[in-house]
Amino acid sequence: MLVRRLAPGDAQAYWETRNRGLQEFPDAFTSSHEEGVATPLSVLAKRFGGSGSDDFVLGAFSSEGTLAGHAGFQREARTKNRHKGTLIGMYVVPEFRGRSVGKLLLDQLIGEVRAIPGMERLSLTVTHSNEAARMLYLRAGFVSFGIEEKALKTGGRYYDKEHMVLAL
């Protein structure tokens, strides 16, 4: 498995994989599948960073070149918050689960974020009922600091989000 930063040429594969995750787990992501399919590739490609940006999205690729999963990072923009950033949009496609793809993505993302000057804290939210994801984050050293009840509402149901942070 090759883990690397996504580039503009990866936008189509990222769009497809991201939308698959939005459809499969409507309770896990803030964006809906409908919003995802309406999002232009050019908007998603901006998440890949560029000159002057610390933001990025990592992709895990199989030996055949298939995008098996992704995880993104966004640094806080405001001066007083620049010591913090957020893990966003982590997803592994079903065919590649159970192969440590999530751990590979998370480990590399944490390593890259630690290398950014001034970064001190990495936060995330995870659907509280998603035990597999919660355990992955806890094993990586994230600590829970609260549950936001009814954080998401989809399909007439509410989902709680757990807030976690990793001191870098």
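The paragraphs below lead through the cores, the aromatic rings, the salt bridges and one hairpin of this structure. The model is predicted, so that local features need pLDDT of at least 70 and side-chain atom pairs count only at pLDDT 80 or more, while totals for chains, interfaces and linings use all residues. Residues are numbered from 1 along each chain as its sequence is written, and side-chain values use heavy atoms, with hydrogens and water left out.

In soluble globular proteins, nonpolar side chains tend to be buried together. Here the largest nonpolar core (buried Ala, Val, Leu, Ile, Met, Phe, Trp, Tyr and Cys residues joined through side-chain atoms within 4.5 Å) has 32 residues, and those with the most contacts inside it are Leu87, Leu105, Leu109, Tyr137 and Phe142. At least two residues of this core come from each of β2 (56–61), β3 (67–75), β4 (84–92), α4 (101–114), β5 (121–127), α5 (131–139) and β7, where helices (H or I, at least four residues) and strands (E, at least two) are DSSP runs numbered from the N terminus. Helix α4 gives the largest share, six residues. Leaving aside neighbours within four places in sequence, Leu87 is in contact (heavy atoms within 4.5 Å) with residues including Ala71, Leu106, Leu109, Leu122 and Tyr137. A second, separate core of nine residues includes Leu6, Ala45, Phe48 and Val57.

The aromatic rings come next. Rings of Phe, Tyr and Trp (its six-membered ring) pair if their centres lie within 6.5 Å, with planes under 30 degrees apart counted as stacked, over 60 as edge-to-face and the rest as tilted. The whole structure holds five such aromatic pairs. Tyr14 and Phe48 are edge-to-face, at 5.5 Å centre to centre and 65° between the planes, and this pair links distant parts of the chain, with Tyr14 in helix α1 (residues 11–24) and Phe48 in the loop between α3 (41–45) and β2, 34 residues apart. Both Tyr14 and Phe48 are buried, a class that means under 20% relative accessible area, against over 50% for exposed and in between for partly exposed (1.4 Å probe, protein chains only). Phe56 and Phe73 form a tilted pair, at 5.5 Å and 35°, that joins strand β2 to strand β3 across 17 residues. Phe56 is buried at 0% relative accessible area, and Phe73 is buried at 0% as well. Arg5 lies over the face of Phe56, at 4.1 Å from the ring centre; for a charge to sit over a ring, NZ of Lys or CZ of Arg must be within 6 Å of the ring centre and within 35 degrees of the ring normal.

Nine salt bridges are found in the whole structure, each a side-chain nitrogen of Lys or Arg within 4 Å of a carboxyl oxygen of Asp or Glu. Glu131 and Arg134 meet in one of them (2.9 Å, N to O), and, being three residues apart in helix α5, they are separated by about one helical turn. Arg134, buried at 12% relative accessibility, also meets Glu162 in a salt bridge (2.3 Å, N to O). Because Arg134 lies in helix α5 and Glu162 in strand β7, this pair ties together parts that are 28 residues apart in sequence. Glu162 is buried too, with a relative accessible area of 3%.

Glu162 also leads to the hairpin, as the bridge partner in β7 of Ile147. Strands β6 (residues 143–154) and β7 (residues 157–167) pair in the antiparallel sense over eight bridges, pairing being counted if DSSP finds at least two bridges between two strands.
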